[in-house]
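Got your viewer open? Load the model, switch to cartoon view and keep the selection box handy.

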Amino acid sequence: MKKNIEISPNIETLFGTRDENLRLLEDGLNVAIAMRPDSIEIEGAAADVGRAQQVFTDYQHLLRNGFTFVNGDLGAMIRVLTSDPTATLRGLAEAGKQRSFGKRSVQPKSINQRRYLEAIENSDMVFGVGPAGTGKTYLAVAMGIAALLSKRVNRIVLARPAVEAGERLGFLPGTLQEKVDPYLRPLYDALYDMLEPDKVDRYLEKNIIEIAPIAFMRGRTLNDAFVILDEAQNTTSEQMKMFVTRLGFNSKAVITGDITQIDLPNANRSGMVEAIEILRNVEGIRFCYFDEGDVVRHHLVQRIIRAYDDYKGRNEQLSLSLEIKNGNGFATARSSDGRVPAPSVERETSLAEVPSAEASPPAQNRVSE
């Protein structure tokens, strides 16, 4: 099926740099888009052509109503709508406009990010689990600011476990706040990125925005608050149970973490790993998972995460091979291709070859009764 769309003023801004947005539409919707002297031709299956035409129609509507796209938001929206058959460009743009994020416009850049934002809007407690750079903390802080500016909550509480990432920082001079600030710096960065610095400072001074280590949460009940626990993979079982039971009336909690980067001495005791197992079927709690396809940092980050996942998979396969037992009860090491290496020069001593200390003397030396 072919469909011709009349060229309207400023429609070329939809195409993106070097027509990258058109290529996203072609690849995501399985259509071919060609420029004609007085129109745009779309060719493909009827349903796909209809969706592509809807993108052009929505874009014209948004331009007429004064909507502006910044910071690659248009490309991000196109990626989302090509991944989600129910999404439309107009719906995505207007959903973002309804949220007030301060000085920045925040749009989900993947289908998982969109589900994450919707889960935060519709659920009282959300777990965001995934690798670094997928926007878990940034989007959570953005949603907290949106809730604060729209007066749906009275304050934002940002918590983080004070755990070193493998280093030993030693004694830190200064006040208690100055001691813990280095651990909480990523949360400050997100705040200053979305609000004017003087407004952030004023909110912090009045405790409208509170940033503290998770240990400071014990014994509190958080009403009318948007509560975020960052780096939750580094909480202990006791800390996580304490945090999830702080939630008061008219409050939301967002818990973010990467369970592949646990800095606790005993990774098996991560409170986040345990909470995912215990709370998975509790009504009212949503779990949102991210992968390397959701990474919004430098493109190298996606490839780095994938390389680490592949390396971990190979090691797990080798570990399983090492657990294979041979007939004598000893472990047989196998390489990843399943081959058994050549036997070592040294050999295990059989129990039958070890003389027993309690063995009876030879028959000829026995004293007859």
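Start by selecting residues 136-149, which make up helix α6. This is a predicted model, and in it the 14 residues of α6 reach 20 Å from first C-alpha to last, close to the 20 Å expected at 1.5 Å a residue. Now turn on a surface. How many of the 14 residues of α6 are buried? Twelve are, so the helix is mostly covered. The buried set includes Lys-136 and Thr-137, along with Leu-139 and the run from Ala-140 through Val-141, Ala-142, Met-143, Gly-144, Ile-145, Ala-146 and Ala-147 to Leu-148. Step just past the end of α6 and click Lys-151: its phi is positive, about 65°.

Next, zoom out to the whole chain. You should be able to count eleven helices and nine strands. Of the 369 residues, 40% count as buried. If you like contact maps, look away from the diagonal: among contacts with a separation of 6 or more, 69% link residues 24 or more positions apart. The chain exposes about 21500 Å², and carbon and sulfur atoms supply 50% of that area.

Now go to helix α1, residues 20-29. Show side chains for Asn-21, Leu-22, Leu-25 and Leu-29, which are buried. Where do they sit around the axis of α1? They are on the same side, because they cover an arc of only 105°. The general helix rule is handy here: with 3.6 residues a turn, residues three or four places apart point the same way. To see what covers the buried residues of α1, add β2 (31-35), α2 (46-64) and α3 (73-83), which are among the covering elements. Before leaving, click Asn-30, just after α1; this residue also takes a positive phi, about 55°.

From there, jump to Asn-112 in helix α5, residues 111-122. Is Asn-112 buried or exposed? Its relative accessibility is 16%, so Asn-112 counts as buried, the cut-off being under 20%. Pick out its neighbours, leaving aside residues up to four places away in sequence: Asn-112 touches Tyr-289, Phe-290, Asp-291 and Asp-294.

Last stop: helix α11, residues 299-322, where you'll find Tyr-308. With a relative accessible area of 60%, Tyr-308 is exposed. Add Leu-300 and Ile-304 to the selection and show the surface again. Together with Tyr-308 they form a nonpolar patch with about 330 Å² of accessible area.

Methods
Residues numbered from 1 in each chain as written. Predicted model: local features only at pLDDT ≥ 70, side-chain atom pairs only at ≥ 80, totals over all residues. Heavy atoms only, no water. Patch = residues over 30% accessible without salt bridge, like charges linked within 9 Å, V, L, I, M, F, W, Y side chains within 5 Å. Areas by Shrake-Rupley, 256 points an atom, 1.4 Å probe, with all protein chains shown as cover. Salt bridge = Lys/Arg side-chain N within 4 Å of Asp/Glu carboxyl O. Helix = DSSP H or I, 4+ residues; strand = E, 2+ residues; numbered from the N terminus. Buried < 20%, exposed > 50% of the residue type's maximum accessible area, 1.4 Å probe, protein only. Arc of directions from axis to C-beta. Contact = heavy atoms within 4.5 Å. Expected span 1.5 Å × (residues − 1).
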